[in-house]
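Notebook open, coffee poured. I want to go through this one topic by topic and jot down what I find.

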Amino acid sequence: MSDNLTQDLADALRSVIDPELGYNIVDIGLIYDVEIEEGRARILLTTTTPGCPATDYIRQAVEHCAAAVPGVARVDVVMTWLPPWSPERMSDEAKAHFGIGA
């Protein structure tokens, strides 16, 4: 069940769009880690830069989106900027969208 819940949560988080990049936060690599235990989701989140003006928006959207997933009773979003985000964290689809890579 945990694997399904983790996948459901990742799928739901794809609906959160970075307002500056216009692409979902999962595929641009802003989600560093997701742990789910007994209905509690702990999400390790970053932004493209520590001073990103969209930080509060993204954090609130992650909290709201994750809380709406059946089986998630509590959401803890932890912000980090270590290691710093880089385009290498993007999925192949996101890299192709932004024209990054070979």
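Where in the chain is confidence lowest, and where is it highest? I looked this up before anything else, as this is a predicted model. The low end is α1, with a mean of 88, and the high end is strand β2, residues 23-24, at 98. For the chain, mean pLDDT comes to 93, and 97% of the residues reach 70 or more.

**Entry: the core**

Next I went to the largest nonpolar core, which has 32 residues. Which of its members touch the most others? My list reads Leu 9, Leu 13, Ile 25, Ile 43, Leu 45 and Val 62. I then checked which elements give two or more residues to this core: α1 (2-13), β3 (31-37), β4 (40-45), α2 (55-67) and β5 (74-79). The largest share is from α2, which puts in 5 residues. A reminder to myself: nonpolar side chains tend to be buried together in soluble globular proteins.

I picked Ile 25 for a closer look. Setting aside neighbours within four places in sequence, I find Ile 25 in contact with Leu 13, Val 16, Asp 18, Leu 30, Ile 31, Leu 45, Ile 58 and Val 62. Among these partners, Leu 13, Leu 45 and Val 62 are also on my list of core members that touch the most others.

**Entry: aromatic rings**

How many aromatic pairs are there? I get 1. Tyr 23 and Phe 98 make up the pair, with 5.6 Å from centre to centre and 65° between the planes. I file the pair as edge-to-face, because 65° is over the 60 degrees that this label needs. Tyr 23 is in strand β2 and Phe 98 in helix α3 (residues 92-98), so I note that the pair links distant parts of the chain, 75 residues apart.

Buried or exposed? I looked up both partners. Tyr 23 has a relative accessibility of 16% and counts as buried. Phe 98, at 29%, counts as partly exposed.

**Entry: cysteines**

How many disulfides does the structure hold? My note says 0. Cys 52 is in no disulfide, and its nearest cysteine sulfur, that of Cys 65, is 18 Å away. Why no bond here? A disulfide needs the two sulfurs within 2.5 Å, and these are 18 Å apart, so Cys 52 and Cys 65 do not count as one. I checked the burial of each too: Cys 52 is buried at 6% relative accessible area, and Cys 65 counts as buried at 12%.

Terms used
Residues numbered from 1 in each chain as written. Predicted model: local features only at pLDDT ≥ 70, side-chain atom pairs only at ≥ 80, totals over all residues. Heavy atoms only, no water. Buried < 20%, exposed > 50% of the residue type's maximum accessible area, 1.4 Å probe, protein only. Core = buried A, V, L, I, M, F, W, Y, C linked by side-chain atoms within 4.5 Å. Helix = DSSP H or I, 4+ residues; strand = E, 2+ residues; numbered from the N terminus. Contact = heavy atoms within 4.5 Å. pLDDT = per-residue confidence, 0-100. Phe/Tyr/Trp six-rings, centres within 6.5 Å; stacked < 30°, edge-to-face > 60°.
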